[in-house]
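Here is a set of short exercises to work through with a viewer open. Try each task before you read its solution.

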Amino acid sequence: MGGAAYASLTPEQKARAIARGKLNLAVYHGRVKRQSCEVCGATPAEAHHDDYGKPLEVRWLCPTHHRDHHQKGAAHEQDQAIRGRAGAAVLDRP
Ligand SMILES: [Zn+2]
Ligand SMILES: [Zn+2]
């Protein structure tokens with residue numbers, strides 16, 4: 001680690017890099033076991049940190065579900081928008 005590239009990272013990116021480093025080390029030493037995707041059971045799964053302050057507490061998600069997990073906020077909003085529209089249609093009746 002170190003160098004100009006590292007210095008240009010945002011605090012969150014730095015925290016993520018540190019958390020990943022610690023996790024990789026823990027996996028390497030067998031302290032943390034790689035698991036299959038907690039959603040569909042696929043392997044290999046990627047480690048997802050809910051909290052970078054707890055580098056060894058991760059969820060294992062396949063690339064698809066990992067991406068889904070990160071997009072959940074946006075997808076949820078979309079869902080709400082669709083539901084909102086449907087609700088509006090119902091409420092539209094005279
Ligand atoms: Zn999956
Ligand atoms: Zn993630």
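The exercises below go from the overall layout of this predicted model to single residues and then to confidence.

**Exercise 1. Layout**

Task: Find how many helices and strands the protein chain has, and the order in which they run.

Solution: Begin by counting the elements: the protein chain holds three helices and two strands. Next, walk from the N terminus, and the order reads α-α-β-β-α. Now look at how residues pair up over distance in sequence. Taking contacts between residues at least 6 apart in sequence, 39% join residues at least 24 apart. Finally, check burial: 9% of the 94 residues count as buried.

**Exercise 2. Helix H2 and what follows**

Task: Compare the span of H2 with the expected one, then inspect the backbone just after the helix.

Solution: H2 contains 18 residues. At 1.5 Å a residue, 26 Å is expected, and the reach from first C-alpha to last is 26 Å, close to that value. Step past the end of H2 and you meet Gly30, whose phi is positive, about 80°. Carry on into the loop between H2 and E1, where Pro44 sits. The peptide bond joining Thr43 and Pro44 is cis, with omega about -5°.

**Exercise 3. The nonpolar core**

Task: List the residues of the largest nonpolar core and say which element gives the most to it.

Solution: The largest nonpolar core has seven residues, namely Ala19, Leu23, Ala45, Ala47, Val58, Trp60 and Leu61. Sort them by element: helix H2 (11–28) and strand E2 (58–61) each supply at least two. E2 gives the most, with three residues. As background, nonpolar side chains in soluble globular proteins tend to be buried together. To see the surroundings of one core member, take Leu61. Beyond its neighbours within four places in sequence, Leu61 is in contact with Cys37, Glu38, Val39, Ala45, Glu46, His48, His66 and His69.

**Exercise 4. Three residues, three settings**

Task: Decide whether Tyr52, Leu56 and Thr64 are buried, partly exposed or exposed.

Solution: Start with Tyr52, in the loop between E1 and E2. Tyr52 has 19 C-beta neighbours inside 10 Å; burial needs 20 or more, so Tyr52 counts as partly exposed. Leaving out residues up to four places away in sequence, Tyr52 touches Ala15, Arg16 and Ala19. Its C-alpha lies 6.0 Å from that of Ala15, although 37 residues separate the two in sequence.

Leu56 also belongs to the loop between strand E1 (46–49) and E2. With 14 other C-beta atoms within 10 Å, Leu56 is partly exposed. Among residues more than four places away in sequence, Leu56 touches Lys22, Leu23, Ala26 and Val32. The C-alpha atoms of Leu56 and Leu25 are 9.9 Å apart, with their positions 31 residues apart along the chain.

Thr64 is placed in helix H3 (residues 63–91). Thr64 has 12 other C-beta atoms within 10 Å, and the exposed class takes in 12 or fewer, so Thr64 is exposed. From Thr64 to Cys37, 27 residues away along the chain, the C-alpha separation is 9.6 Å.

**Exercise 5. Confidence**

Task: Find which element has the lowest mean pLDDT and which has the highest.

Solution: For the protein chain, the mean pLDDT is 83, and 72% of residues reach 70 or more. Going element by element, H3 has the lowest mean, 67, while E2 has the highest, 97. Then look at residues 87–91: pLDDT there is below 50, and the stretch has zero contacts beyond near neighbours in sequence. Where pLDDT is low, predicted coordinates should not be read in detail.

Conventions. Residues numbered from 1 in each chain as written. Chains lettered and ligands numbered in written order. Helix = DSSP H or I, 4+ residues; strand = E, 2+ residues; numbered from the N terminus. Core = buried A, V, L, I, M, F, W, Y, C linked by C-beta atoms within 7 Å. Contact = placed C-beta atoms within 7 Å. Expected span 1.5 Å × (residues − 1). pLDDT = per-residue confidence, 0-100.
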